[in-house]
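Open the structure in a viewer and keep the sequence panel beside it. The stops below each give a selection to make and then say what is found there.

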Amino acid sequence: RQVLLVVAAPEPVLQHVRGIGPDWELALDVLAAAEPASGTALHELIAPRSAVGGVPELVVVTGRPEVVADALVARAAMGRSSALVAVDAPTYAGRPPGRTAPALLRLAAAGVAVAVLRQGTPLPEALGTLRSRAVG
């Protein structure tokens with residue numbers, strides 16, 4: 001299976017990932033180099049009618065799910081598969097987990113697979129909800 005990784009900072013970077021190996025290492029490098037930047041807003045980048053929004057499957061990783069909720073709900077309404085990995089940023093700063101954002105509940109109700117990453121939670125455990133939704 002081929003995956004297209006898009007990182008929107010500072011300029012959009014497209015990285016094709018065809019499997020574990022060199023492509024995956026390049027994808028991790030792209031993610032590690034991401035920085036906040038102005039320019040195209042994430043919700044515009046993934047909107048259903050954008051170049052990236054037209055892909056059949058999309059996973060968005062962000063600490064601000066409210067920013068992408070409308071675009072992901074619209075994708076779901078069009079029958080396009082989407083998932084959101086919400087980073088609970090306060091936990092990475094040593095603070096307690098944030099409250100469940102209304103946007104996460106709205107996304108789940110629309111059929112978007114949702115997972116939450118928190119400091120100290122093993123990645124397979126945090127992403128397990130995505131896997132269970134994908135296969136069942």
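Start by selecting His16, which is in strand E2, residues 12-17. The model is a predicted one. His16 counts as partly exposed because its relative accessibility is 35%. Add Ala27 to the selection: eleven residues separate the two along the chain, and their C-alpha atoms are 7.8 Å apart.

**The whole chain**

Now show the protein chain as a cartoon. Six helices and five strands make up its secondary structure. Read from the N terminus, the order of elements is β-β-α-α-β-α-β-α-α-β-α. The chain has 136 residues, and 29% of them count as buried. Among contacts with a separation of 6 or more, 49% are between residues 24 or more positions apart. The accessible surface is about 8,500 Å², and carbon and sulfur atoms account for 58% of that area.

**The largest nonpolar core**

Select Ile46, Leu58, Val60, Val68, Leu72, Leu84 and Leu107 and show their side chains. These are the members that touch the most others in the largest nonpolar core, which has 17 residues. At least two core residues come from each of strand E3 (57-62), helix H3 (65-77), strand E4 (81-87) and helix H5 (102-109). Which of these elements gives the largest share of the core? H3 does, with four residues.

Centre the view on Val60. Leaving out residues up to four places away in sequence, Val60 touches Leu42, Ile46, Val68, Leu72, Ala83, Leu84 and Val85. Next select Ala83, Ala113, Ala126 and Leu130, which are among the seven residues of a second, separate core.

**Helix H5**

Colour H5 by burial. Ala103, Leu104 and Leu107 are the ones to pick out on the buried side of H5. Around the helix axis they span an arc of only 100 degrees, so they sit on the same side of H5. The general geometry of a helix is relevant here: with 3.6 residues a turn in an α-helix, residues three or four places apart point the same way.

To see what covers the buried residues of H5, show H3, E4 and E5, which are included in that cover. Then turn the view to the opposite face of H5, where Pro102, Leu105 and Ala109 are exposed. Just after H5, select Gly111, where phi is positive at about 95 degrees.

**Salt bridges**

How many salt bridges does a search of the whole structure find? There are three. As a general point, side chains of opposite charge can pair when their charged atoms come close.

Select Arg64 and Glu66 for one of them: the N to O distance in this salt bridge is 3.2 Å. Glu66 is partly exposed because its relative accessibility is 45%.

Move on to Arg106 and Asp70, whose side chains form a salt bridge with an N to O distance of 2.8 Å. This pair links distant parts of the chain, as Arg106 is in helix H5 and Asp70 in helix H3, 36 residues apart. Arg106 counts as partly exposed because its relative accessibility is 39%. Asp70, at 54% relative accessible area, is exposed.

Finally, select Arg118 and Asp88, which meet in a salt bridge at 2.8 Å, N to O. Arg118 is in the loop between strand E5 (113-117) and helix H6 (123-135), while Asp88 is in the loop between E4 and H4, so this salt bridge ties together parts that are 30 residues apart in sequence. Is Asp88 buried or exposed? Asp88 counts as buried because its relative accessibility is 9%. Its partner Arg118 has a relative accessible area of 28% and is therefore partly exposed.

**Thr91 and its surroundings**

Keep Arg118 displayed and add Thr91, which lies in helix H4, residues 89-92. Thr91 counts as buried because its relative accessibility is 9%. What does the side chain of Thr91 reach at 2.9 Å? Its partner is the backbone nitrogen of Gln119. Show the contacts of Thr91 without its neighbours within four places in sequence, and the residues that appear are Pro96, Pro97, Arg118 and Gln119. Arg118 thus appears at two stops on this tour: in the salt bridge with Asp88, and in contact with Thr91.

Technical notes:
Residues are numbered from 1 along each chain as its sequence is written. This is a predicted model: local features need pLDDT of at least 70, side-chain atom pairs count only at pLDDT 80 or more; totals for chains, interfaces and linings use all residues. Side-chain values use heavy atoms; hydrogens and water are left out. A nonpolar core is a set of buried Ala, Val, Leu, Ile, Met, Phe, Trp, Tyr and Cys residues joined through side-chain atoms within 4.5 Å. Buried means under 20% relative accessible area, exposed over 50%, partly exposed in between (1.4 Å probe, protein chains only). Contact means heavy atoms within 4.5 Å. A polar contact is a pair of N or O atoms within 3.5 Å; within protein, one must be able to donate a hydrogen and the other to accept it, and residues adjacent in sequence count only if both atoms are side-chain atoms. A salt bridge is a side-chain nitrogen of Lys or Arg within 4 Å of a carboxyl oxygen of Asp or Glu. The arc is that of the directions from the helix axis to the C-beta atoms. Accessible areas come from the Shrake-Rupley method with a 1.4 Å probe; for residues, only the protein chains shown count as cover.
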